[in-house]
Each structure stands twice: as structure tokens, then as C-alpha cells.
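Please read the following report alongside the sequence and the model. The text moves from the whole chain to its sheet pairings, its cores and a few single residues.

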Amino acid sequence: MDLRVRVFIDEQGVDPAKELDELDDVSVQIVAVDESGVIATCRLRDIDDGDWKLERMVVEKRLRELGVGSTLLAGAEDEARKSGAREMLLHAQRRAESFYASNGYVAEGETFLEAEIEHVRMRKAL
């Protein structure tokens, strides 16, 4: 949670009431760690028959662009697959759209605001 607070609330200015919600209790939490502690995290939710949603993905600022995010994403997809997921959905910040696209996600629909940040819906068959 500390990493999410530092990135989403402190760095990006997201309202704490929007970032910290009741869905954490019903989500699968995925973390990457090194000797310093948690360096990346995301959460997964089963949202419909075979559809899972990836949310709140974040990587420690000093480690961005070094492959940590792709490794975390692959681990999250594996975990969802083991739980019966056939598709992964996510709402990507526009600035992260190319990252998700490089990992096989396809954008669909128009840009929308979520927590006052431009996002696009993306999907990937697992």
C-alpha cells in the first residue's frame, strides 16, 4: 500500500478516497520485492465469467523502464490464468498505453477520465 500511496497519491495527485477503496479486500494482490522491500505491485479481480481486471499497477520510480513492470505483469497474467481467466482487462493511463501494448494489450474505445487522469480501456486474451 505504501508504494501505491507514494506513486498514485503523492506523485500523481490522485485523491486518497479514490485510490484506497474496499476492492483491495476482494482482490488478489501481486507484489515484486527486492532487498529494499516491495518494488512493484498490482491487484487482480475476477469481474465476470472468465474476465479478470488488472488494477493499481505501479513500479518504484527508480526501477521504471528496467523490465520490472513486464515481469510483474507476466506474473499477474499467470496467476489469473491459474484461476480460470480467459481475458484480462485494464484501464491504462494514456502515458502507460504503449507499455501495455508492448505486452500484448489492445486499446478499445475512447479516452476517458478516471481519478482526473486520461485512461483507455485495454484487453488481452490469456
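What follows describes the overall fold, then the strands and helix 1, then the nonpolar cores and three chosen residues.

**Basis of the description**

This is a predicted model, in which local features need pLDDT of at least 70 and side-chain atom pairs count only at pLDDT 80 or more, while totals for chains, interfaces and linings use all residues. Residues are numbered from 1 along each chain as its sequence is written, and side-chain values use heavy atoms, with hydrogens and water left out.

**Overall fold**

The protein chain has four helices and six strands, where helices (H or I, at least four residues) and strands (E, at least two) are DSSP runs numbered from the N terminus. Along the sequence these elements follow the pattern α-α-β-β-β-α-β-α-β-β. The radius of gyration of the protein chain is 14 Å, close to the 14 Å that the globule rule gives for 126 residues, so the chain is as compact as a globular protein of that length; the radius is taken over C-alpha atoms, and the rule is 2.2 Å times the number of residues to the power 0.38. The C-alpha trace spans about 35 × 35 × 30 Å along its principal axes.

Buried residues (under 20% relative accessible area, with exposed meaning over 50% and partly exposed in between, for a 1.4 Å probe and protein chains only) make up 40% of the 126 residues. Of the contacts (heavy atoms within 4.5 Å) between residues at least 6 apart in sequence, 53% join residues at least 24 apart.

**Strand pairing and helix 1**

Strands count as paired if DSSP finds at least two bridges between them. The table gives three of the pairings together with one bridge from each.

| Strands | Direction | Bridges | One bridge pair |
|---|---|---|---|
| Strand 3 and strand 4 | parallel | four bridges | Lys53 and Leu89 |
| Strand 4 and strand 6 | antiparallel | seven bridges | Gln93 and His119 |
| Strand 5 and strand 6 | antiparallel | six bridges | Leu113 and Glu118 |

Strand 4 thus appears with strand 3 in a parallel pairing and with strand 6 in an antiparallel one. Strand 4 is also mostly covered, with five of its seven residues buried. In the hairpin of strand 5 and strand 6, two residues lie between the strands, and Ala115 takes a positive phi near 55 degrees.

Helix 1, covering residues 2–11, has Leu3, Arg4, Val7, Phe8 and Ile9 buried. The buried residues of this helix pack against helix 2 (16–19) and against strand 1, strand 2, strand 3 and strand 4. Just after helix 1, Gly13 has a positive phi of about 75 degrees.

**Nonpolar cores**

A nonpolar core is here a set of buried Ala, Val, Leu, Ile, Met, Phe, Trp, Tyr and Cys residues joined through side-chain atoms within 4.5 Å. The largest such core holds 24 residues, of which Leu44, Leu54 and Tyr100 touch the most other members. Strand 1, strand 2, strand 3, helix 3 (68–82), strand 4 and strand 6 each give two or more residues to this core, and helix 3 gives the most, with five residues. Leaving aside residues up to four places away in sequence, Leu54 touches nine residues' worth of surroundings that include Leu44, Leu73, Met88, Leu89 and Tyr100. A second, separate core of six residues includes Val7, Phe8, Val58 and Ile117. In soluble globular proteins, nonpolar side chains tend to be buried together.

**Three single residues**

Ser27 and Asp25 both belong to the loop between helix 2 and strand 1. Is Ser27 buried or exposed? Ser27 counts as buried because its relative accessibility is 12%. Its side chain reaches the backbone oxygen of Leu23 at 2.5 Å, and Ser27 touches Arg43, Leu44 and Arg45 when residues up to four places away in sequence are not counted. Asp25, by contrast, is exposed, with a relative accessible area of 73%. The C-alpha atoms of Asp25 and Val68, 43 residues apart along the chain, are separated by 25 Å.

Phe112 is found in strand 5 and is partly exposed, with a relative accessible area of 25%. Residues that Phe112 touches, not counting those up to four places away in sequence, include His91, Ile117 and His119. The C-alpha atoms of Phe112 and Asp49 are separated by 25 Å, and these two residues are 63 apart along the chain.

Conventions:
A polar contact is a pair of N or O atoms within 3.5 Å; within protein, one must be able to donate a hydrogen and the other to accept it, and residues adjacent in sequence count only if both atoms are side-chain atoms.
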